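Biologist: Please take a close look at one part of this model, the packing of aromatic side chains, and then at how its surroundings are built. A plain account will do.

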Amino acid sequence: MSEQRPIIERLNSWRESHVSTRQFMLVLSFVVGFFASVAAFVLHWIIKQIQLLLTAGFHINSYNWLYFVFPVIGIYLTSLFVRYIVKDNISHGITRVLYAISTKRSRLKAHNCWSSVIASAITIGFGGSVGAEAPIVLTGAAIGSNLGQLFKLNNKTLMLLVGCGASAAIAGIFNAPIAGLVFTLEILMVDLSMASLLPILISCVTATVFSNIFIGGGSIFSFHLDDAWKLERVPTYILLGLFCGLVSLYFIRTMTACEEVYAKLKRHPYAKLALGGLSLSTLIFFFPALYGEGTNAMDILLSGQTEADWETLLNNSLFYGHGNLLILYVLLVLLLKTFATAATNGGGGCGGTFMPSLFVGGFGGFLFARLWNTEQVGIYTPETNFTLLGMAGVIAGVMHAPLTGIFLIAEITGGYQLFMPLMIVCICSYLVMNIFEPHSIYGMRLARQGKLITHHTDKSVLTLMNLESMIDKEFIPVDPDMELGKLVHVISQSHSTFIPVLDHAGTLLGEIDITKIRHIMFRTELYHRFTVKQLMVPNKAILGVNDPMEEVMQKFDRTNAVDLPVIDVNNHLIGFINRTRMYTVYRKMVADYSAE
């Protein structure tokens, strides 16, 4: 390490002298795109090898008892890996990227470049019902972040590199460069200029090209366009969009409720393993379509043309040979996928909700079309097309990202002829979902803590501002029994207008407003007549050390105070915030944030 550091420093010094930051960013965006595609290839290769090893001997015409065993083993191995090797929380990959952008100035730990790949490969390979996309997004973002930190780039450039890594991950996994670009702009990034789009686009194209080199071309799913879209189907598309919005709401609300259940067992890892592992194993035993990411099941719905094709979905299960129960099977899988995903992560596994959203959407779209055609309530709706549209609709609703849903599904399936239906379904789903949930599944956890970056510059800057860094801890407290004479002496030594009154335990009782005692503070004959207790006034407002900056700003505006005290959870005074200093920092950050 001691030999490497001078090399990096010399390289950085040469770069600063000969290469502009903008040019260097283009080079780094290419590097990030390459490594993100490598990570995506490695992860999916490991998953495929594990699944082939474990399920190669399974019979398609009967149930398989090993479905009870494999998922529990996978979750247990993952939890051991995370607890004893990684020793850090790596779940909710995309949420962690948002958290890094919002609170840590886009700084992700070095182990995030590899830990999520190994953990999610074990989880999914053994049957965990989660997606590999979020772990790869975290991996790609971490690669960009750590490269930026290595070359000591500023926070704004780090944020852009994180975006490059995340977009490259999506582009590389799905062979969808436009979707990767849109994903970053719509979900992760804020107020990017046109100049910032070029590095992200380079990362997306690079990841897509190398993914094609590693695994060959073609889309991730096989899709057969049954029938081009017709104007007569527009009402059906609208209804499907509304249905997808409700499915998205079910997905998010159920996922949140399940996560709260597992969160209560945080200090009992074996209880979490038992609940999550047994729940997942039971669900997979009865519904093998829930095993792993579920891409095979989705491929059946997208590429099937006859009843016999779609009934292969019932293979390996107790439903085998009962084609008349296909609709019931699809409905149950749709409803239970959320529980399986929550059980996987809640039990100690590692994976994302990106692919589960696609899975639920695909099954929802197929179910909608099949019921529509069964009841013969209108013009015929092709099941394969509506499976595709359902995938887009639920992605748009769950992620609050209609453009991502449109371009992702169009690219991964080659279904560009359904662009108009994709737009109708995604917009309707997003509008329905937005009524009930103002944030995506990734952002809602941070939004509740006031730590979510938004697409509004002022709110984003407030989120990035650090309250603790602006606290002035140099103050002279006074006792409520102190006489006026001694108080005047304290005032003469204080550098601020804020004179806090504390009891012996350090609890804030009030403050001395110098402007209100000016008429008596120089009258020496009153120095022994008045005490602090008689002269102090209540604080105009009190700030908590964990208060979001937006709330801090509102308290200053509401009270028009010059200084406000900051207390900890025990009501002990930590220091105070000066209004002028805070607004100076705010204006500077707005200028830096908006600068090119």
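Modeller: A residue is called buried under 20% relative accessible area, exposed over 50% and partly exposed in between, with a 1.4 Å probe and protein chains only. The model is predicted, so local features need pLDDT of at least 70 and side-chain atom pairs pLDDT 80 or more, while totals for chains, interfaces and linings use all residues. Residues are numbered from 1 along each chain as its sequence is written, and side-chain values use heavy atoms, without hydrogens or water.

Start with Phe386, which is in helix H16, residues 383–399 (helices are DSSP runs of H or I, at least four residues, numbered from the N terminus). Phe386 counts as buried because its relative accessibility is 1%. Apart from neighbours within four places in sequence, Phe386 is in contact (heavy atoms within 4.5 Å) with Thr236, Tyr237, Leu240, Gly365, Phe366, Phe368, Ala369 and Thr381. One of these contacts, Leu240, is 146 residues away from Phe386 in sequence, yet their C-alpha atoms are 8.2 Å apart in space.

Another of the contacts, Phe368, leads to the ring pairs. There are 24 aromatic pairs in the structure; rings of Phe, Tyr and Trp (its six-membered ring) pair if their centres lie within 6.5 Å, with planes under 30 degrees apart stacked, over 60 edge-to-face and the rest tilted. Phe368 and Trp372 make a stacked pair, with 5.9 Å between ring centres and 20° between the planes. These two residues are about one helical turn apart, because they are separated by 4 residues in helix H15, residues 354–375. Phe368 and Trp372 are both buried.

Phe368 also forms a stacked pair with Phe386, at 6.1 Å centre to centre and 5° between the planes. Because Phe368 belongs to helix H15 and Phe386 to helix H16, this pair ties together parts 18 residues apart in sequence. Phe368 and Phe386 are buried as well.

A further set of rings is found elsewhere. Phe30, Phe34, Phe35, Phe41, Phe210 and Phe214 are linked by ring pairs into a cluster. Two of the rings in that cluster, Phe210 and Phe214, are also contacts of Ser37. Ser37 lies in helix H2, which runs over residues 21–55. With a relative accessible area of 1%, Ser37 is buried. Once neighbours within four places in sequence are set aside, Ser37 is in contact with Ala207 and Ser211 in addition to those two phenylalanines.

H2 comes up again beside helix H5. Because 10 of the 11 residues of H5 (residues 115–125) are buried, this helix is largely enclosed by the rest of the structure. The buried ones are Ser115, Ser116, Val117, Ala119, Ser120, Ala121, Ile122, Thr123, Ile124 and Gly125. Around them, the packing partners are H2, helix H3 (70–86), helix H6 (133–150) and helix H14 (326–346). After H5 comes Gly127, with a positive phi near 115°.

To sum up, Phe368 is paired with Trp372 and with Phe386, while H2 carries the buried Ser37 and packs against the buried residues of H5.
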